[in-house]
Amino acid sequence: MTADLRIPQLGESVTEGTIARWLKQTGDMVEAEEPVLELETDKATMEIPAGASGQLSIVEPQGAVVRVGTVVARINQGAPTAARAAKAVPIVAPPRPSPPDMQSATTPPAGPALSPAVRKLVAEHALDPAQLSGSGKGGRLTKDDVLRHLEQPAPAPAGAPVPRPTEPRGADDARPPMEPSAPTPAMPPATPHPPEAETPERVPMSRLRRRIAERLVEAQRTAAILTTFNEVDLSALLAARRRHREAFRERHGVDLGLMSLFGRACVGALRVVPVVNAQIDGADIVYHRQVHLGIAVSTERGLVVPVIRGADSLGLPDLERRIEELARRAREGKITPDELSGGTFTITNGGVFGSLLSTPILNPPQSGILGMHKIEDRPVAVDGQVVIRPMMYVALSYDHRLVDGAQAVTFLVRVKERLEDPVRMLLEV
């Protein structure tokens with residue numbers, strides 16, 4: 001009996017995707033809930049489970065563009081599953097390894113699969129991939145890793161003579177001249193870089209990266225983006241966080257991060273200036289009754305913005321828990337398209353990368369995005385005295401077609417007030 005593995009429904013407005021990677025190969029035994037492929041769509045990368053247990057037969061290759069409902073593989077359910085096959089195989093002694101001189105120098109050792117470009121470089125230079133350190137995902141060896149290894153100078157052979165330095169002689173040195181030494185051999189010419197190092201590498205842009213590019217250009221073309229700035233003294237907020245962080249973790253089982261505190265401050269400010277949480281739809285303005293808060297997360301495949309629905313109705317522990325969960329799943333590539341849609345306001349934190357100041361770009365069709373930056377001790381004037389305080393620049397980019405400058409500044413000031421006096425968030429004032 002054979003079961004078809006079809007591309008499932010992928011969420012709102014997503015009709016097709018690209019097979020980014022097969023996690024199993026033809027002939028492998030799979031279980032029903034075991035992920036067998038990674039599918040990349042315009043919004044996210046997700047793992048697709050087998051759906052049935054048996055032997056896998058791949059129909060669509062890696063890189064194929066497939067639509068919802070397409071049969072990408074078939075599973076022979078008559079074949080024994082991996083677990084049953086393992087029990088049926090008798091235990092035998094492992095074969096004796098061949099002597100090193102009998103092994104092929106070009107046979108790559110067991111480990112992460114090599115890309116065609118890396119495999120070609122390894123073969124051309126007779127390298128052992130096991131002796132190279134990989135910087136890719138899961139320790140995978142990349143082309144840059146091989147090129148860096150080739151650029152390193154070769155170690156000097158053991159027992160090579162070390163040249164003696166010539167002793168300096170002054171003009172009045174009366175000692176007899178030394179016997180002429182043998183001429184110093186000419187230094188060999190520098191080894192040129194391999195041809196591959198001079199040739200740029202061309203790789204196809206992923207669907208997710210293409211979609212990100214399209215949305216950024218769309219935001220610049222369709223919205224009148226303007227940015228207003230302010231700075232926040234985080235002394236009180238950081239002190240309160242230090243005092244209560246451990247008790248918060250013990251009570252709620254989650255850490256107290258800055259993102260959830262900034263999220264609470266934005267929710268309070270959006271209640272005061274609801275137009276920042278609205279959007280333009282044709283000739284209408286849509287005012288959202290809830291705050292669906294987007295949190296920008298940087299992943300290996302690009303920037304994604306998971307959405308916390310109804311963030312205005314969540315307490316601080318639940319908000320922190322949802323942020324942590326969605327960020328983890330986004331980095332693992334397990335976020336779903338539905339979790340990336342429907343946001344009404346976004347927060348992005350460039351401070352984790354050291355950014356001091358930036359102008360974030362809107363996430364269409366939203367009308368506002370708050371940019372956080374790194375915390376830096378700076379001298380500021382407080383009550384006529386110069387003191388050192390942990391300061392952060394905050395930026396609000398907004399659609400000036402809908403949000404007036406006064407409204408944008410008011411929103412940012414309300415965020416600043418809540419962060420500098422955290423009691424305001426508790427009292428909702």
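Phe-229, Leu-356 and Leu-357 make up a nonpolar patch on the surface, and together they have about 260 Å² of accessible area. A patch like this takes residues with over 30% relative accessible area and no salt bridge, with nonpolar side chains (Val, Leu, Ile, Met, Phe, Trp, Tyr) joined within 5 Å. A salt bridge means a side-chain nitrogen of Lys or Arg within 4 Å of a carboxyl oxygen of Asp or Glu. Accessible areas come from the Shrake-Rupley method with a 1.4 Å probe.

All of this comes from a predicted model, where local features need pLDDT of at least 70 and side-chain atom pairs count only at pLDDT 80 or more. Residues are numbered from 1 along each chain, and side-chain values use heavy atoms, leaving out hydrogens and water.

Now for two residues and how open they are. Buried means under 20% relative accessible area, exposed over 50%, and partly exposed in between.

| Residue | Place | Relative accessible area |
|---|---|---|
| Phe-229 | strand E9 (residues 225–233) | 38%, partly exposed |
| Asp-383 | loop between strand E18 (376–382) and strand E19 (385–399) | 77%, exposed |

Asp-383 has another quirk: its phi is near 55°, a positive value in a residue other than glycine. Over in the loop between strand E16 (345–349) and strand E17 (368–372) you'll find Pro-365, and the peptide bond from Pro-364 to Pro-365 is cis, with omega near 5°.

What about the whole chain? Of its 429 residues, 37% count as buried. It has 10 helices and 19 strands, which are DSSP runs (helices: H or I, at least four residues; strands: E, at least two) numbered from the N terminus.

Technical notes: Buried < 20%, exposed > 50% of the residue type's maximum accessible area, 1.4 Å probe, protein only. Patch = residues over 30% accessible without salt bridge, like charges linked within 9 Å, V, L, I, M, F, W, Y side chains within 5 Å.
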